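Here's a set of short exercises to work through with the model open beside you. Try each task on your own before reading its solution.

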Amino acid sequence: MHAKVFVKGNSRRRTVKIIAAVLAVFIAGSSIAGCSAPWGKTGGKGLAKVVFMMSWAPDTNHIGVFVAREKGYYAKLGLDVDILAASQTGAEQSVSGGGADFTLSSMANVADANIKDGQLSLIMQVQQKTSAIWCSLASNKAIASPKDFDGKTFATFGGSESDAVVKRMIRKAGGKGEFDKVTAGTSTFSALSSGRADFGGFYATWEGIQAEMYGPKLKCFTEPDYGVPGNADELGIVSSSSYLKQHPDIAEKFVKATQEGYMYSYTHPDDAAQILASSSEGKVAGLRPDFVKRSMAAITSGQYWGDISRLKNGTSTFGAIDYASGQKYFDFLFESGAYKDAQGRPVKSAPAAAAQATGKYLASQEAVLKGIER
């Protein structure tokens, strides 16, 4: 009975295209769905107003922002941060157009937007390894490996990127890479359970936990095991070139406080989970603390945000950008013919990871650790 509560519109890397029905389930009527303040405006108590837009319903990918707000990390650096619901036109588009200052997205989405003149930049990378899982129902005995996706029906939210990934996995497992597709609607779970589709894409740290706790049980396969190079899920904080040029000081403060929020969450996962579930946004989304804690447990045990021991001793910086993994994934997508420009024409070269991201706004890990000790 809880399954619908936790589905986030699992649009395998098409998180910019939130579906209206999902928004209605999670955030209709929420006070976070207001309009953003113009750049540079002053918020309450003389603090600089900053607008962060979620890319989908609140979940543990966003948790560091919620923790930074609740723990006062933003306020101590002079920032008043509003957290807005995702726009139906997409969070990346809102940031590009100035409707929000920052959002959560992936380097892959940034590259795709920039090919179409999005002018975005990933300025802090939260997720350091892919959490994508490609699954069928455990009850479907006809599927034992990705090879068995051949000739089956894929529940998709559209986009050539997902097609390229699925084809590579099938072929690596010994298949031909041929499959049918059906639009998933608001839930890949529903598409599989109804028999409309045989397999689809999920995230191990969210839908994977949902399946474990509430069902339906899944049989899943990961991208690195089946030949997909690099990290498709380099999720992190994104802003626009225009905003960063006009407000480099605010960007630096926002990134530092956000690093602190995620680092605190990584080292205090249960407390962070309670903060997210207890927030007004979490309550509207129907988040249960036990579910969010399980999600954070999966993130920490899997070290999805980096080597915890190195982050604790300061030899690694939380939020550091992995350009090499990003480039491997971009090269794979280019070779697969997945990239198209704004007119739908194939691009002539793979995006350069170095042009999609910058680490210039990151605080040192020493400063981050000192910030969360106070």
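Some ground rules come first, then the exercises.

This is a predicted model, so to speak of local features pLDDT must be at least 70, and side-chain atom pairs count only at pLDDT 80 or more, while totals for chains, interfaces and linings use all residues. Residues are numbered from 1 along each chain as its sequence is written, and side-chain values use heavy atoms, with hydrogens and water left out.

**Exercise 1: the sheet**

Work out the strand order of the five-stranded open sheet, and find its edge strands.

Solution. Start with the vocabulary: helices (H or I, at least four residues) and strands (E, at least two) are DSSP runs, numbered from the N terminus. Two strands pair if DSSP finds at least two bridges between them.
- Step 1. Reading across, the order is β2-β1-β3-β10-β4, with mixed pairing.
- Step 2. The edges are β2 (79–84) and β4 (120–125), each of which pairs on one side only.
- Step 3. On average, neighbouring strands here are turned by 35° against each other, direction ignored. For angles like this, axes are lines fitted to C-alpha atoms, for helices over the stretch in contact, and angles run from 0 to 180 degrees between N-to-C directions.
- Step 4. Now look at β4: its pairing with β10 (residues 235–240) is antiparallel, over five bridges. Opposite I237 in β10 you'll find M124.

**Exercise 2: helices on the sheet**

Find which strands α3 and α11 touch or lie across.

Solution. Contact means heavy atoms within 4.5 Å.
- Step 1. Helix α3 (residues 63–70) lies across β1 (48–53), β2 and β10, and runs at about 140° to β2.
- Step 2. Helix α11 (residues 248–267) packs on the sheet too, touching β1, β2, β3 (102–106), β4 and β10. Its direction makes about 40° with that of β4.
- Step 3. Follow both helices to α12 (residues 269–278), whose buried residues pack against α3, α11, α13 (280–284) and α14 (289–301). Buried means under 20% relative accessible area, exposed over 50%, and partly exposed in between (1.4 Å probe, protein chains only). In α12, the buried residues include P269, I275 and L276.

**Exercise 3: the disulfide**

Locate the disulfide and describe its two ends.

Solution. The criterion is a pair of cysteine sulfur atoms within 2.5 Å.
- Step 1. The structure holds one disulfide. Its partners are C135 and C220, with sulfur atoms 2.1 Å apart.
- Step 2. C135 sits in strand β5 (residues 132–137) and C220 in strand β9 (residues 218–222), so to say distant parts of the chain, 85 residues apart, are linked.- Step 3. The angle about the S-S bond is 110°, and the link is right-handed.
- Step 4. Compare burial at the two ends: C135 counts as buried at 0% relative accessibility, whereas C220 is partly exposed, with a relative accessible area of 32%.

**Exercise 4: aromatic rings**

Decide how the rings of F154 and F199 are arranged, and where the two residues lie.

Solution. Rings of Phe, Tyr and Trp (its six-membered ring) pair if their centres lie within 6.5 Å; planes under 30 degrees apart count as stacked, over 60 as edge-to-face and the rest as tilted.
- Step 1. A search of the whole structure gives 20 aromatic pairs.
- Step 2. For F154 and F199, the ring centres are 5.2 Å apart and the planes are at 5°, so this pair is stacked.
- Step 3. F154 belongs to strand β6 (residues 153–156) and F199 to strand β8 (residues 199–203), so the pair ties together parts 45 residues apart in sequence.
- Step 4. F154 is buried at 1% relative accessibility, and F199 is buried at 0%.
- Step 5. Zoom out: ring pairs link W134, F149, F154, F179, F199, F221 and Y226 into a cluster.

**Exercise 5: backbone oddities**

Find the cis peptide bond at P216, and check phi at Q119 and Q303.

Solution. Most residues other than glycine have a negative phi, and most peptide bonds are trans.
- Step 1. The bond from G215 to P216 is cis, with omega near -5°. P216 is in the loop between α9 (207–214) and β9.
- Step 2. Q119 isn't a glycine, yet has a positive phi of about 55°. Q119 is in the loop between α6 (107–115) and β4, and is partly exposed at 42% relative accessible area.
- Step 3. Q303 has a positive phi too, near 50°. Q303 lies in the loop between α14 and α15 (308–312) and is partly exposed, with a relative accessible area of 35%.
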